[in-house]
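Reader: I am new to this structure and would be grateful for a close look at a single part of it, namely the protein surface that meets the DNA.

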Amino acid sequence: MSSILSGLNPEQLEAVSLPHQSALILAGAGSGKTRVLTTRIAYLIQSGQASPHGVLAVTFTNKAAKEMIARLSAMLPINTRGMWIGTFHGLCNRMLRLHHRDAGLPQLFQILDVQDQLSLVKRVMKAMGVDGEKFPPRQVQWFINGNKEAGLRASKVEAYDDFSRRMTEVYAAYDEQCSREGVVDFAELLLRCFELLQANEILRDHYRERFAHILVDEFQDTNRLQYLWLRLLAGNRCAVMAVGDDDQSIYGFRGAHSANMQSFERDFGVAKVIKLEQNYRSHGNILDAANHLIRNNRTRLGKNLWTAESHGEPLRVFQAPTDLDEAAYVVDEVKALSREGVALSEIAVLYRSNAQSRVLEHALFNAGLPYRVYGGLRFFERQEIKHALAYLRLAANPDDDNALLRVINFPARGIGARSLEQLQESAKAAGGSLWQAACERSAVGGQPVGRALPVDPRPATTGRPASSPLKGIPAFVALIESLRAATQGLPLPEIVEHMVEHSGLKQHYQSEREGADRLENLNELVNAAVGFVHEAEDDSLPAFLAHAALEAGEHQAEEGAQALQLMTVHSAKGLEFHGVFITGLEEGLFPHEQSFNQDGGLEEERRLMYVALTRSKRRLYLTFAQSRMLHGQTRYNVSSRFLEEIPERLMKWVNLTAPFAPVLVPEPKPKSKSAVSFTVPKASHGWQVGQSVTHPKFGSGVIVNCEGHGPDARVQVRFTRAGVKWLALEYARLTPA
DNA sequence: CTAGCTGCTGTTTTT
DNA sequence: CAGCAGCTAG
């Protein structure tokens with residue numbers, strides 16, 4: 001017992017060994033929050049106050065859940081498999097699978113990711129004849145999720161104006177369509193689970209009996225629904241330990257409600273709030289900077305981090321003329337750090353928005369520095385993977401219209417908009433899924449059956465009722481049936497492999513010019529299935545599909561490899577690095593301009609900056625650029641106000657530019673760098689046929705043709721790797737080889 | 001029906 | 001600059 005508790009400071013110890021009561025732990029960045037949580041679980045189990053079976057621990061990200069399980073396994077000789085440790089979505093998914101009947105869901109319900117959800121929303125809107133101009137689908141999606149996350153079904157939404165009334169109608173229709181298809185979106189996982197527990201007393205009591213201890217990580221990020229879910233699940237006898245930091249609440253934009261911390265104190269009868277304020281991560285200057293910055297926020301619970309460590313180095317501030325120069329600086333400094341012996345995996349480059357990673361990646365790639373990007377397009381979100389998954393989903397549940405629509409004509413098999421329209425109409429008329437409608441048509445050799453016929457609005461076409469589409473649809477039905485039959489009972493990896501091989505996807509990408517990467521990803525999908533079988537308790541196809549939806553990014557981030565870490569500030573939360581670059585510190589970017597009109601938006605941006613600062617253990621860089629390419633045009637920004645909120649004495653301006661010097665508007669750059677630096681009399685733009693060139697993306701090649709003059713000048717280049725391409729000289733960054 | 005083109009638009013953060 | 005909807009030629 002003493003072994004797991006040794007080394008804890010008094011506050012940590014108090015938190016870990018609390019008696020059976022609900023508690024709120026205010027845990028500052030780097031104060032050993034995860035350690036407290038895991039040690040608490042270990043303590044409860046080791047002292048016999050709880051069994052592994054009777055503890056539920058919920059986190060916000062998969063990464064955090066994994067971390068917790070790993071640390072727990074290291075601390076105690078117990079099997080952590082089967083323990084209820086996971087994300088809100090993961091745990092709700094688990095509960096819904098176990099009780100799908102009570103929850104009113106098919107056993108094999110599928111999970112819609114953001115893209116799937118959006119396309120379903122669009123489909124529903126189209127069917128209802130809702131104007132997509134007046135009601136942007138994204139906004140409708142946001143509306144639906146927002147209400148679900150507030151715990152509101154369409155029938156409970158209070159709509160006082162025509163606009164929200166119409167949106168609410170779409171919400172209702174969308175939910176109906178989801179249940180027809182047997183699919184649930186992310187928010188639905190939570191809401192459905194909540195409703196299940198609410199409606200089913202026996203089940204509720206069962207789980208309340210079972211989970212005597214609930215632990216919640218990142219409590220400040222919980223939304224209304226998650227809070228209600230916790231309260232419902234906890235009942236009166238459960239001890240809930242909520243750990244959070246209001247200063248790190250950065251998900252307000254999607255409904256997180258850090259006031260849940262205050263509600264928690266009240267609703268759960270918290271006797272004492274424990275504050276963890278000693279920071280074990282960063283040197284003093286870094287903490288000073290973070291503390292000063294966050295003091296500019298009005299709405300805080302109040303907390304001040306301190307450290308026993310020395311001040312360390314000053315923060316290094318770098319002002320770059322352009323985003324390219326900023327990237328170049330990052331490259332140089334990373335190289336220097338690396339030479340000093342700092343592992344690349346201990347260095348992170350942070351940015352506010354994903355779009356910023358491009359320029360950085362480009363510079364790193366050219367410098368030959370290995371890097372890994374978190375976020376962005378995740379593995380399971382790639383087009384070819386989504387296609388393959390759609391085939392798999394159809395094998396598991398053919399009524400999944402989203403999946404069907406994705407692949408019914410991919411690879412192309414002659415099913416166009418017209419036949420789809422007809423299919424959708426007959427499905428609607430029969431009140432069934434698209435798959436059912438497709439089967440009906442195929443079954444009788446092309447004759448539309450029974451009631452399916454009369455809806456055709458154009459009498460002219462009734463002469464030859466839907467003859468052309470019937471070539472494609474029966475072929476599709478037959479394909480799916482044969483895939484299903486062939487994979488029946490096979491182990492998961494073989495199912496996946498069979499699908500990839502025989503769905504026509506592989507063939508399609510083999511014949512496609514740029515299909516090599518996609519093929520590789522498809523192979524990687526088979527590997528993912530193999531890995532999944534080894535790791536997961538449930539290695540069925542539906543479990544794999546759920547995994548794909550819930551842990552979309554898992555596969556591109558190989559742990560431990562020696563690579564520089566690139567990520568948004570959001571995804572950096574909870575991580576720490578020896579050296580951190582916070583880039584793009586410009587007004588409009590960080591803080592983001594979208595935050596200016598949002599309620600409390602600026603304070604959230606500041607908390608985001610606080611999170612960014614506190615990721616660093618030792619070395620911290622703050623960089624910004626005076627001009628930056630954004631959305632295809634150059635923008636001139638001033639430095640971020642956050643730089644001014646950090647005391648000057650903590651910072652060192654490394655490029656010797658006076659701080660807050662007036663922004664110089666650079667002269668317009670020459671149209672094409674290469675055209676200026678390279679002059680050959682032959683042509684006005686300086687390039688000639690036969691010349692060897694290199695392109696940042698396509699690599700090396702030879703010019704095979706030229707045409708046009710001035711801004712319209714183009715050259716045709718035969719690249720060694722990328723084939724033959726026409727490039728506009730004004731834009732292509734071509735260099736002589 | 002398909003493929004390929006044009007022209008438009010929307011842009012933050014994520015389970 | 002992307003991704004996408006809508007259009008046109010084959």
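Author: The account below takes the two DNA strands in turn. The model is a predicted one, in which local features need pLDDT of at least 70, side-chain atom pairs count only at pLDDT 80 or more, and totals for chains, interfaces and linings use all residues. Residues are numbered from 1 along each chain as its sequence is written, chains are lettered from A and ligands numbered from 1 in the order in which they are written, and side-chain values use heavy atoms, with hydrogens and water left out.

Around DNA strand B there are 28 residues, of which R254, R352, N354, G414 and Q598 come nearest; a residue is near a strand if one of its heavy atoms lies within 4 Å of it. This surface comprises 7 nonpolar, 15 polar and 6 charged residues, where Ala, Val, Leu, Ile, Met, Phe, Trp, Tyr, Cys and Pro count as nonpolar, Asp, Glu, Lys and Arg as charged, and the others, Gly among them, as polar. At least two of its residues come from each of α18 (417–430) and α25 (569–572), helices being DSSP runs (H or I, at least four residues) numbered from the N terminus.

Of the strand B atoms within 4 Å of the protein, 56% belong to sugar or phosphate and the rest to bases. Phosphate oxygens of this strand lie 2.6 Å from a polar backbone atom of N354 and 2.9 Å from a polar side-chain atom of T568. A side-chain N or O atom of H89, in turn, is 3.0 Å from a base oxygen of DNA strand B.

DNA strand C is surrounded by K122, R358, H631 and G632. In K122, a polar side-chain atom lies 3.3 Å from a phosphate oxygen of that strand.

Methods. Polar contact = N/O pair within 3.5 Å; in protein donor to acceptor, adjacent residues only side chain to side chain.
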